[in-house]
Amino acid sequence: MTSAASRLRVAEEAGVTRIEFVDRNILDEANIQQIGEEINRIIDAEPQPRILISFDNVDHLSSAALGTLITINNKIRSKDGQLRLANIDKQIYEVFVITKLNKLFQIHETVDQALTSFT
Amino acid sequence: MSSAPDRRGNGRARGAPSKDVFQKRFILAGDERDAADAQRALLRALEEHGFEPASRFAIRLALEEALINAFKHGNRNDPAKRVTLDCRVGREAVVIDISDEGEGFDLDAVPDPTEEENLQIPSGRGIMLMRSFMSEVDFHPPGNRVRMVYRRPGAATG
């Protein structure tokens with residue numbers, strides 16, 4: 001078992017698991033791996049996960065972080081669940097647009113908009 | 001304006017703002033702290049040279065991706081191998097050279113991550129991000145050396 005502090009803040013809201021990152025920079029490979037493992041545990045615990053990831057305070061992310069988000073998205077879809085992303089900084093959103101991942105993910109400007117988009 | 005060496009001085013070209021140029025070589029082992037120290041030094045130099053947050057974001061992202069490529073795909077995380085990072089930060093441009101001790105790679109064999117069928121593949125976006133955020137990215141054969149140039153928006157090219 002790892003004793004490392006959680007890299008996530010997790011809250012339940014109207015049947016949706018809302019996740020925020022502790023780190024402002026999601027670059028470090030060890031951190032990204034830990035984030036992936038923590039979110040995977042959340043997905044495993046839900047029969048049909050409804051997950052909202054809010055990017056409050058996130059200033060940077062790398063392609064490795066994008067890879068983890070894609071893996072998470074694939075896993076949620078395989079369980080017939082739903083994933084929403086929200087509150088993404090303008091420059092980071094550009095990374096999603098350049099990589100065309102804005103087509104793969106459902107991205108909302110605000111947490112409230114994302115919450116109302118769950119079906 | 002003359003570019004002849006200053007005979008009274010130490011040979012520095014007259015008028016050349018060499019004190020305004022940050023230039024440094026880092027020899028990096030696989031230790032993440034090494035890379036983090038180098039990145040911090042470069043980011044500080046960018047701030048001191050007045051590069052805007054958007055420029056610092058672009059350069060930091062490209063540097064991160066290039067270093068990950070060098071350590072992971074180039075040196076295959078071999079702790080005996082090193083990555084050499086040369087940075088030059090001037091008023092108008094930033095030049096970053098990175099080389100690893102790997103065998104290189106075939107740039108043409110890297111699939112386009114934005115193709116519909118590749119969107120759900122979790123890897124393969126690093127080079128694309130480097131190219132998108134920097135002014136120039138050139139891989140030198142056999143592919144274990146890359147030069148990235150960032151020109152300050154509005155700066156003259158060439």
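1. Chain B contains three helices and five strands. Their order along the sequence is β-α-α-β-β-α-β-β. The model is a predicted one, and every point below should be read as a description of that prediction.

2. Chain B has 158 residues, and 28% of them count as buried. Among its contacts with a separation of 6 or more, 59% are between residues 24 or more positions apart.

3. Helix α1 of chain B runs over residues 32-48, which makes 17 residues. From the first C-alpha to the last, α1(B) reaches 24 Å, close to the 24 Å expected at 1.5 Å a residue. Four residues of α1(B) to look for are Ala35(B), Ala38(B), Leu42(B) and Leu46(B), which are buried. They lie on the same side of α1(B), because the arc they cover around the axis is only 80°.

4. Which residues sit on the face of α1(B) turned away from its buried side? They are Arg33(B), Arg40(B), Arg44(B) and Glu48(B), and these are exposed. The cover over the buried residues of α1(B) includes β1 (22-28), α2 and β2 (83-89) of chain B. Just after α1(B) comes Gly50(B), with a positive phi of about 75°.

5. Strand β3 of chain B covers residues 93-99, and its side chains alternate. Val94(B), Ile96(B) and Ile98(B) point to one face and are buried. Ala93(B), Val95(B), Asp97(B) and Ser99(B) point to the other face and are not buried. This pattern can be expected, because side chains in a regular strand alternate between the two faces of the sheet.

6. What does β3(B) pair with? One partner is β2(B), which runs antiparallel to β3(B) and is joined to it by six bridges. The hairpin between β2(B) and β3(B) passes through three residues. Within this pairing, Arg88(B) is opposite Val95(B) of β3(B).

7. Strand β5 of chain B, residues 145-151, also pairs with β3(B), in the antiparallel sense and over seven bridges. Here Ala93(B) is opposite Arg151(B) of β5(B). Val95(B) and Ala93(B) are both on the face of β3(B) whose residues are not buried.

8. The largest nonpolar core has 58 residues. Which of them touch the most other members? They are Ala62(B), Ala66(B), Met130(B) and Met148(B). Helix α2(B) supplies the largest share of this core, with ten residues.

9. Met148(B) can be followed further. Apart from neighbours within four places in sequence, Met148(B) is in contact with Ala62(B), Ala66(B), Ile96(B), Met130(B), Met134(B), Glu136(B) and Val137(B). One of these, Ile96(B), is among the buried residues of β3(B).

10. Where the two chains meet, 19 residues of chain B are in contact with 19 residues of chain A. On the chain B side, the elements that give two or more residues are α2 (53-74) and α3 (126-133). Of the elements on that side, α2(B) gives the most, with seven residues. Sorted by class, the chain B side has nine nonpolar, five polar and five charged residues.

11. Helix α1 of chain A, residues 29-45, also has 17 residues. At 1.5 Å a residue α1(A) should span 24 Å, and its end C-alpha atoms are 25 Å apart, which agrees. Ile32(A), Ile35(A), Gly36(A) and Ile39(A) are the residues to note as buried in α1(A). Because they cover an arc of only 100° around the axis, they are on the same side of α1(A).

12. The other side of α1(A) has the exposed residues Ala30(A), Arg41(A), Asp44(A) and Ala45(A). Over the buried residues of α1(A), the cover includes β1 (8-13), β2 (16-21), β3 (25-26) and α2 (63-78) of chain A.

13. Is Val111(A), a residue of helix α4 (residues 111-116) of chain A, buried or exposed? Val111(A) is in between: it counts as partly exposed, because it has 18 C-beta neighbours inside 10 Å, and buried would need 20 or more. Leaving out neighbours within four places in sequence, Val111(A) is in contact with Leu52(A), Ser54(A), Ala86(A) and Asn87(A). Ile53(A) is 58 residues from Val111(A) along the chain, and their C-alpha atoms are separated by 8.7 Å.

Terms used: Residues numbered from 1 in each chain as written. Chains lettered and ligands numbered in written order. Predicted model: local features only at pLDDT ≥ 70, side-chain atom pairs only at ≥ 80, totals over all residues. Expected span 1.5 Å × (residues − 1). Buried ≥ 20, exposed ≤ 12 C-beta atoms within 10 Å, placed from the backbone. Arc of directions from axis to C-beta. Contact = placed C-beta atoms within 7 Å. Nonpolar A, V, L, I, M, F, W, Y, C, P; charged D, E, K, R; others polar. Core = buried A, V, L, I, M, F, W, Y, C linked by C-beta atoms within 7 Å. Pairing = 2+ DSSP bridges.
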